[in-house]
Structures are given as structure tokens and as C-alpha cells.
Amino acid sequence: MKKEEKAQVIEMIGNALSEYSCVYLTQTQGLDAEKTSELRRACFKGDVKMLCVKNTLLKVAFEQSELDYSGLYDLLHGETTLLLSNTGNAPAKLIKAFRKKDETLPMLKGAYVEETAYVGEENLETLANIKSKNELIADVVALLQSPAKNVISALQSGAGKIHGILETLSKKEN
């Protein structure tokens with residue numbers, strides 16, 4: 001590969017890294033063409049971008065990035081496939097779902113999610129359970145709305161009681 005071509009690939013990887021907030025490094029070596037195509041389709045449906053990259057070029061792209069991916073440098077050996085997403089748990093859920101068909105692959109090498117590096121296969125369950133930013137915002141909104149709903153409900157039931165009492169009293173006077 002010529003120097004210009006390498007620069008273009010590094011730039012392409014860098015652009016992809018800047019577009020997505022979550023980076024997963026996986027090993028898909030051992031998947032046949034049919035299963036690889038299946039994985040690509042699953043990634044497309046799950047809004048996850050899949051890239052097969054050379055480790056040396058990926059490391060250069062990591063180093064040129066504004067984010068600190070240094071926690072993933074030691075994982076750049078063997079075959080590496082990038083799974084990129086803006087939802088922190090989407091690639092982990094995709095890997096778990098895909099593994100129901102094939103027990104071992106793709107294998108998680110590591111991930112960079114919410115400014116934290118996760119190294120090793122044992123973090124897959126943790127990553128799958130991470131809530132996205134939108135899910136956390138929805139939880140906070142629900143918690144904030146709950147007391148207000150209780151107050152409104154109490155006021156409405158109190159108003160109904162007062163209306164009932166006034167109606168009863170007005171009928172008694174007749």
C-alpha cells in the first residue's frame with residue numbers, strides 16, 4: 001500500500017471515529033463469508049457501522065483523534081473489526097444476539113464507550129446493560145414527573161370531593 005493510500009485510509013477511519021461516540025474492537029476471524037454477510041446485515045439494521053481495518057492504520061487514526069483511545073492500543077493485534085455506534089449498548093446487544101447462532105464469534109476485544117475503555121470479553125454483559133444517554137434522560141424525566149403527577153391527582157380528587165360536598169349541601173337546603 002502506498003503512502004498516499006495509507007493516508008486516505010487513516011483519514012477515512014478518523015472521519016468514522018469522529019462521527020460515532022462508541023467504538024468496539026472485535027475479532028471476527030473464523031466467520032465464513034455467509035456469517036460475515038449476516039453480521040454486516042445485522043449491523044446495518046442496528047445502525048452500527050462495521051469496518052475491517054489494519055491495526056497499524058487504526059492506531060495512527062486513534063493517535064490523531066481528539067479522544068484518548070490509549071486504553072485500546074494493547075488490543076491492536078491479530079484481526080480487528082471495528083463496530084461503531086452512537087448508542088453505547090447497541091454493538092454489545094448485537095454481538096450477544098449474533099452469538100445465539102454461533103457460540104464464540106464475534107469476540108469482543110474491547111470498547112470505548114462514554115469516555116471509558118473496557119478491555120476483554122468479560123465486559124460484554126456490562127456493555128450490553130449500559131443505558132444510552134436518551135434512556136437516562138427518559139428515566140430522569142419520569143422521576144421528575146412522578147411527584148407532579150401525584151400533586152395534580154391529589155388536587156383533582158380533592159376538587160371532586162369539594163364539588164360533591166357542595167352539591168350535597170345545596171340539595172339539603174331545598
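**Notes on a five-stranded sheet and its helices**

1. Strand E3 is a good place to start, as both of its faces are covered: Thr-80, Leu-82 and Leu-84 are buried on one side, and Thr-81, Leu-83 and Ser-85 are buried on the other. Put as a count, six of the six residues of E3 are buried, so the strand is described as mostly covered. Buried stands for under 20% relative accessible area, exposed for over 50%, and partly exposed for the range in between, with a 1.4 Å probe and protein chains only. Helices (H or I, at least four residues) and strands (E, at least two) are DSSP runs numbered from the N terminus.

2. A word on the source before going on. This is a predicted model, in which local features need pLDDT of at least 70 and side-chain atom pairs count only at pLDDT 80 or more, while totals for chains, interfaces and linings use all residues. Residues are numbered from 1 along each chain as its sequence is written, and side-chain values use heavy atoms, with hydrogens and water left out.

3. Now the sheet as a whole. It is open, built from five strands in the order E2-E3-E1-E4-E5, and its pairing is antiparallel (strands pair if DSSP finds at least two bridges between them). Strand E2 (49-53) and strand E5 (116-119) are at the edges with a single partner strand each, so one side of each has no neighbour in the sheet. On average, neighbouring strands are turned by 20 degrees against each other, with direction ignored.

4. Which strands flank E3, and through which residues? Strand E1 (residues 22-27) runs antiparallel to E3 and is joined to it by five bridges. E2 also pairs with E3 over five bridges, in the antiparallel sense. Leu-83 of E3 is worth clicking on: Leu-83 is the bridge partner of Tyr-24, and also that of Met-50.

5. At the E5 end of the sheet, strand E4 (residues 107-113) pairs with E5 in the antiparallel sense over four bridges. Val-113 has Thr-116 of E5 opposite it.

6. The loop between E4 and E5 deserves a look at its backbone angles. Most residues other than glycine have a negative phi. Glu-114, in this loop, has a positive phi near 50 degrees. Glu-115, also found in the loop between E4 and E5, has a positive phi of about 60 degrees although it is not a glycine. As for accessibility, Glu-114 is partly exposed at 45%, whereas Glu-115 is exposed at 69%.

7. Next, the helices that go with the sheet. Helix H2 (residues 33-45) lies across E2 and E3, and runs at about 135 degrees to E2 (axes are lines fitted to C-alpha atoms, for helices over the stretch in contact, and angles run from 0 to 180 degrees between N-to-C directions). Helix H4 (residues 90-99) is mostly covered, with seven of its 10 residues buried. These are Ala-90, Pro-91, Ala-92, Leu-94, Ile-95, Phe-98 and Arg-99. They pack against E1, H2, E3, E4 and helix H5 (124-129), where contact means heavy atoms within 4.5 Å.

8. How do H1 and H3 cross? The axes of helix H1 (residues 3-19) and helix H3 (residues 55-64) come within 9 Å and cross at roughly 55 degrees. The two helices are therefore oblique to each other (under 35 degrees is roughly parallel, over 145 roughly antiparallel, 65 to 115 roughly perpendicular, and the rest oblique). From H1, the contact is made by Lys-6, Val-9, Ile-10, Ile-13, Gly-14 and Leu-17, and from H3 by Leu-57, Leu-58, Val-60, Ala-61, Phe-62 and Gln-64. These residues divide into nine nonpolar, two polar and one charged. Here Ala, Val, Leu, Ile, Met, Phe, Trp, Tyr, Cys and Pro count as nonpolar, Asp, Glu, Lys and Arg as charged, and the others, Gly among them, as polar.

9. Is Thr-28 buried or exposed? Thr-28, placed in the loop between E1 and H2, is buried, with a relative accessible area of 9%. Leaving aside its neighbours within four places in sequence, Thr-28 is in contact with Leu-39, Glu-79, Thr-81 and Pro-106.

10. Last, a point in helix H6 (residues 133-173), which holds Leu-136. With 45% relative accessibility, Leu-136 counts as partly exposed. Leu-136 is 115 residues from Ser-21 in sequence and 16 Å from it in space, C-alpha to C-alpha.
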